[in-house]
Amino acid sequence: MRKILIVGAGHSGLHLAHGLLGHGYDVTVITGQSSLEIRTGRPAVTQVTFPTALDYERELDLDFWSGQAPRMQDFKIHMYPPGADPVALKGRTGQGDRYAVSIDRRIKMADWLEYFEDSGGKVVIHGVTLTDLDYFSRMFDLIVVAVGHGELGALFDGDSARFSGARPRVVAQANIYDVLPETGESENIGWAASTADAGNMIFVPFLTADGPCHSLFLGDKRGGPMDAWPDRPRPEEQWRRMRELLRKYAPEYYERVRDASLVDDSSTLVEYFTPQVRKPVGVLPSGGLVLGIADVVITMDPFVGQGWNHSTRCARSYLQSIVEHGDRPFDEEFLAGAFERFWRYGLSVQRFAELNSTLWDQELPPHFQELLGASMTYPEVGDRWIQGWDYPPDYENWLYDPELARTYLTEVAAGHGGR
Ligand SMILES: Cc1cc2nc3c(=O)[nH]c(=O)nc-3n(C[C@H](O)[C@H](O)[C@H](O)COP(=O)(O)OP(=O)(O)OC[C@H]3O[C@@H](n4cnc5c(N)ncnc54)[C@H](O)[C@@H]3O)c2cc1C
């Protein structure tokens with residue numbers, strides 16, 4: 001039986017570990033925190049699991065929470081242009097009755113880790129060093145490094161050919177109760193915003209260990225107006241500042257949260273990081289090779305809310321590559337090829353992230369404004385826009401290119417009798 005070591009019990013590592021276990025591999029997960037430590041530890045950046053990622057989790061029997069989590073069937077995006085009124089577009093999160101959920105990563109990862117062990121996987125609790133990896137490389141057929149933003153990721157070189165520019169970001173987040181619903185809308189609608197004067201927001205109904213609440217996420221460039229946390233304020237002070245930022249830059253959001261309160265003392269976080277793409281194959285001091293996955297190799301700009309989506313798809317793509325590879329050696333050609341296969345998808349997501357990161361660097365292009373306007377007349381335009389979050393490569397077909405956008409709008413109008 002082929003022996004595979006996965007370093008890191010986060011989202012991609014555990015998704016891949018469960019998939020490999022199901023295919024009969026001898027899988028060991030080694031990670032710095034036990035399930036109890038994850039469960040009772042610091043909050044992590046909120047993830048949104050879009051419908052297809054949820055399907056992939058269900059394929060592995062990993063969707064334990066959809067029965068209790070608020071179901072986001074609709075999403076609304078607010079755009080705040082400079083010196084003008086905001087524009088909002090709304091759409092269905094998925095076709096039919098499909099939905100997205102957002103679940104506290106502490107519950108999700110702790111449950112997945114315990115379920116992995118209960119299913120026969122091996123778990124070792126240990127913070128891995130480079131020296132450890134070198135030692136392990138003699139014991140396993142394949143090592144996958146799934147440490148997210150952990151320091152071990154430095155083993156992988158940056159890949160400037162796949163990434164046009166590093167934009168340092170800051171993210172502030174709070175989990176809150178007593179959010180006011182939007183009049184006339186579902187209580188479980190997800191909101192997201194992009195502002196010209198500050199950064200971005202993601203505001204979603206959220207499931208914690210204590211039940212449903214909301215999670216509010218503010219992201220900005222480092223040093224931007226929403227980088228208001230250099231002194232690492234206490235939770236209540238952070239929450240006060242977050243509300244003040246909303247009052248100034250996104251009043252619609254402020255109105256919904258002005259009477260809200262933190263879920264508990266462990267409901268806020270601030271993270272600084274720099275999105276990047278790295279080369280997927282790491283070389284150990286002894287010459288052994290390891291494969292990087294998800295955030296280790298592609299860290300998305302948080303403005304696009306794709307972290308969870310791309311780590312699910314990366315894990316699933318690697319699983320397919322490993323299984324199809326059979327008994328052949330996991331050599332450099334295989335490792336690089338597994339990443340290339342995922343990159344066909346990752347490239348489109350990177351392009352989407354790039355668009356969002358630079359959205360306000362110039363005036364919105366006319367075709368973009370036409371699409372926004374059309375979304376108010378034709379619901380299917382809003383639906384397609386929102387459903388692109390589930391599968392960003394679809395944007396290539398209609399959003400980026402003015403000609404494709406106009407062809408699409410002509411087709412939509414024709415479907416409504418040319419009106
Ligand atoms: C800054 C930031 C921004 C994000 N933005 C988004 C977003 O916009 N949208 C979204 O949906 N999600 C976002 N996410 C969250 C999303 O959950 C991540 O993209 C996803 O978790 C990445 O999965 P991963 O497996 O690569 O890493 P993670 O889930 O972070 O897992 C890493 C694991 O490795 C372990 N580890 C680290 N170092 C070691 C070591 N030396 N030895 C052993 N174990 C180790 C950690 O304990 C952890 O278990 C963001 C996360 C961060 C941190």
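The following exercises, each with a worked solution, examine the ligand site, a pocket, the cavities and several single residues of a predicted model.

Residues are numbered from 1 along each chain as its sequence is written, and side-chain values use heavy atoms, with hydrogens and water left out. Because the model is predicted, local features need pLDDT of at least 70 and side-chain atom pairs count only at pLDDT 80 or more, whereas totals for chains, interfaces and linings use all residues.

**Exercise 1. The ligand shell**

Determine which residues come nearest to the ligand and which helices supply the shell.

Step 1. A residue is near the ligand if one of its heavy atoms lies within 4 Å of it. The shell holds 29 residues, of which His11, Ser12, Arg105, Val128 and Trp308 come nearest.

Step 2. Helices (H or I, at least four residues) and strands (E, at least two) are DSSP runs, numbered from the N terminus. Helices α1 (11-22) and α8 (307-325) each supply at least two residues of the shell.

Step 3. For classes, Ala, Val, Leu, Ile, Met, Phe, Trp, Tyr, Cys and Pro count as nonpolar, Asp, Glu, Lys and Arg as charged, and the others, Gly among them, as polar. The shell then divides into ten nonpolar, 17 polar and two charged residues.

**Exercise 2. Polar contacts and burial of the ligand**

State what distances separate the ligand from polar atoms of glycine 32, aspartate 295 and proline 302.

Step 1. A polar contact is a pair of N or O atoms within 3.5 Å; within protein, one must be able to donate a hydrogen and the other to accept it, and residues adjacent in sequence count only if both atoms are side-chain atoms.

Step 2. Glycine 32 places a backbone N or O atom 3.2 Å from a nitrogen atom of the ligand. For aspartate 295, a polar side-chain atom lies 3.0 Å from a ligand oxygen atom. Proline 302 has a polar backbone atom 3.4 Å from an oxygen atom of the ligand.

Step 3. The protein buries 88% of the 990 Å² that the ligand exposes when taken alone; accessible areas come from the Shrake-Rupley method with a 1.4 Å probe, and for residues only the protein chains shown count as cover.

**Exercise 3. The second largest pocket**

Describe the volume and the lining of the second largest pocket.

Step 1. On a 1 Å grid over the protein atoms alone, a pocket is an open set of points with protein on both sides within 12 Å along at least five of seven lines, a cavity is a set of points where a 1.4 Å probe fits but cannot get out, and lining residues have an atom within 4 Å of a point. Grid points are joined across faces, edges and corners, and a volume is the space filled by probe spheres set on the points.

Step 2. The second largest pocket contains about 220 Å³ of space. Its lining includes Tyr56, Arg313, Arg341, Phe342 and Tyr391. Two or more of the lining residues come from each of α8 and α9 (332-357).

Step 3. This lining has five nonpolar, two polar and four charged residues.

**Exercise 4. The cavities**

Establish how many cavities of 30 Å³ or more the model contains, and describe the largest cavity and the second largest cavity.

Step 1. The count is three cavities of 30 Å³ or more.

Step 2. The largest cavity holds about 240 Å³. Among its 22 lining residues, Ile77, Phe303, Phe352, Asn356 and Trp389 lie nearest its centre. Elements β3, β8 (190-195), β9 (200-208) and α9 each give two or more residues to this lining. By class, 18 are nonpolar, four polar and none charged.

Step 3. The second largest cavity holds about 70 Å³. It is lined by eleven residues, with Phe163, Arg167, Asp301, Gln350 and Ser357 nearest its centre. Helix α9 gives the most to this lining, with four residues. The classes here are four nonpolar, four polar and three charged.

**Exercise 5. Single residues**

Decide whether lysine 76, aspartate 178 and alanine 294 are buried or exposed.

Step 1. Buried means under 20% relative accessible area, exposed over 50%, and partly exposed in between (1.4 Å probe, protein chains only).

Step 2. Lysine 76, in strand β3 (residues 74-80), is buried because its relative accessible area is 12%. Its side chain joins that of glutamate 182 in a polar contact of 2.5 Å.

Step 3. Aspartate 178, in the loop between β7 (169-177) and β8, is exposed because its relative accessible area is 56%. Its phi is near 65 degrees, a positive value.

Step 4. Alanine 294, in the loop between β15 (289-292) and β16 (298-299), is buried because its relative accessible area is 3%. Its phi is also positive, near 50 degrees. Most residues other than glycine have a negative phi.
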